[in-house]
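I opened my notebook to look up how helices pack and how aromatic rings pair in a model.

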Amino acid sequence: EHGGFTGAETAKFRQSLCCCVALVRGIAGSKGSHRCKGGGIRDTTRVFCRCAEVESCLHPGRGVLRRFLCSGTPQLSHTFTARKQARMNNPMYKALLEWSLSQNDGTAPSAVDPKELDPEKKAFLERVMSEMVEDESATMVELVAKMHEKEETEEEVEAKEDALEQIMDRVDRIDYAIALHAYGKGFLPAIHLIRDTKHDGIRSRAADLASVCMRNNPQLQHAALEDGGLATIFQAHQNPDNGLNCRAKLVGALSALVQNNKTAEAAFLASGGVDALRSDVASISSKLKTKALFMLQWLLRDSEPAREAAMQGLAGELGAVLSEEDDDVTEYAAMCLMVLVQDKREGLDAATLKAKVEQRLNVGSVATGEAETARDALKQLLGLLG
């Protein structure tokens, strides 16, 4: 209305924004939305831009807006490119597409020609959209700066935790993680926080961020090793003062750093890494057990030195874990045992282990077939035991 649009144009524009709000509400309840804490404006912008990307997503009266968005400032173009991986499994997207196609299927020209926009309207649209779209480079600089701020009060701790969560939300792609290190100078400070912070919540989030950045990323694995990151994370993992959730996050960071990196793997094994993981397997925390078993199963599979380090008593420990009803724990424990059975380790009591596997196959969701992957792993193990 302030931009000089007609009543009909304003109504249609408002209707489009209502669709965006509905989509945001739908996404807010989806898995993984907790990582967007404090990012309401950012999430609204993502959905709004995604709406404009979907074919004929806007009503005929908003075709002007769609074309303006697609041909707008470089900042808008960057946002469109960066958001191409937006979640498209939400059923509301399909409903919105069907609704928009019912308004205009693209076979007829829009009722409004974008060339007819007068300068006042275009200036208004540009101002509105510049306020809606976030400058992610500037935001990242601000968030990294918060990692270096004090953490003496509860508010300061929460602000740092929130900054770490928001950074993690932005670096789930390998090129963004590399940019965080190369240009944002925020990757190594996250590892330093694991060592320096006095707060479990900050350490957990810093470990989570480091894990996301290093996973399948040789460049950042190397950077972490050069900076002493393996020792930093391993020492924090060994600290008994850290809570179980924090220890699970630290195991995730160790796994991300060591996997597919022979230098890091050798250093981890030399530091007593297998024994540390075995200690975690004996934990009361299912989450920590799962993380430790996941790392242990690929270590045993890929590394002869890891199998040598695990020779004494590991099969018995894993057999005891099989009796637990956590399906993820069962699956990864069975995968570890498969490696040991195939390696024909001495001291492995095949008869006792076979009885435990048969018993576990008849318990809980494994018995009903709901835990399909755990059931498959147990059946493969049973087949190897003969």
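**Phenylalanine 234 and its surroundings**

I looked up phenylalanine 234 and found that its relative accessibility is 11%, so it counts as buried (under 20% relative accessible area is buried, over 50% exposed, in between partly exposed, with a 1.4 Å probe and protein chains only). I keep in mind that this is a predicted model, in which local features need pLDDT of at least 70 and side-chain atom pairs count only at pLDDT 80 or more, while totals for chains, interfaces and linings use all residues. I also note that residues are numbered from 1 along each chain as its sequence is written, and that side-chain values use heavy atoms, with hydrogens and water left out.

**Aromatic pairs**

I found two aromatic pairs in the structure (ring centres of Phe, Tyr or Trp, the last by its six-membered ring, within 6.5 Å; planes under 30 degrees apart are stacked, over 60 edge-to-face, the rest tilted). Phenylalanine 234 pairs edge-to-face with phenylalanine 268, at 5.9 Å centre to centre and 90° between the planes. This pair links helix α13, which holds phenylalanine 234, to helix α15 (residues 262–270), which holds phenylalanine 268, 34 residues apart (helices are DSSP runs of H or I, at least four residues, numbered from the N terminus). Phenylalanine 268 is buried too, with a relative accessible area of 1%.

I then looked up phenylalanine 294 and tyrosine 332, whose ring centres are 5.4 Å apart with planes at 75°, so this pair is edge-to-face. Phenylalanine 294 is partly exposed at 30% relative accessibility, whereas tyrosine 332 is buried at 18%.

Methods: Helices (H or I, at least four residues) and strands (E, at least two) are DSSP runs, numbered from the N terminus.
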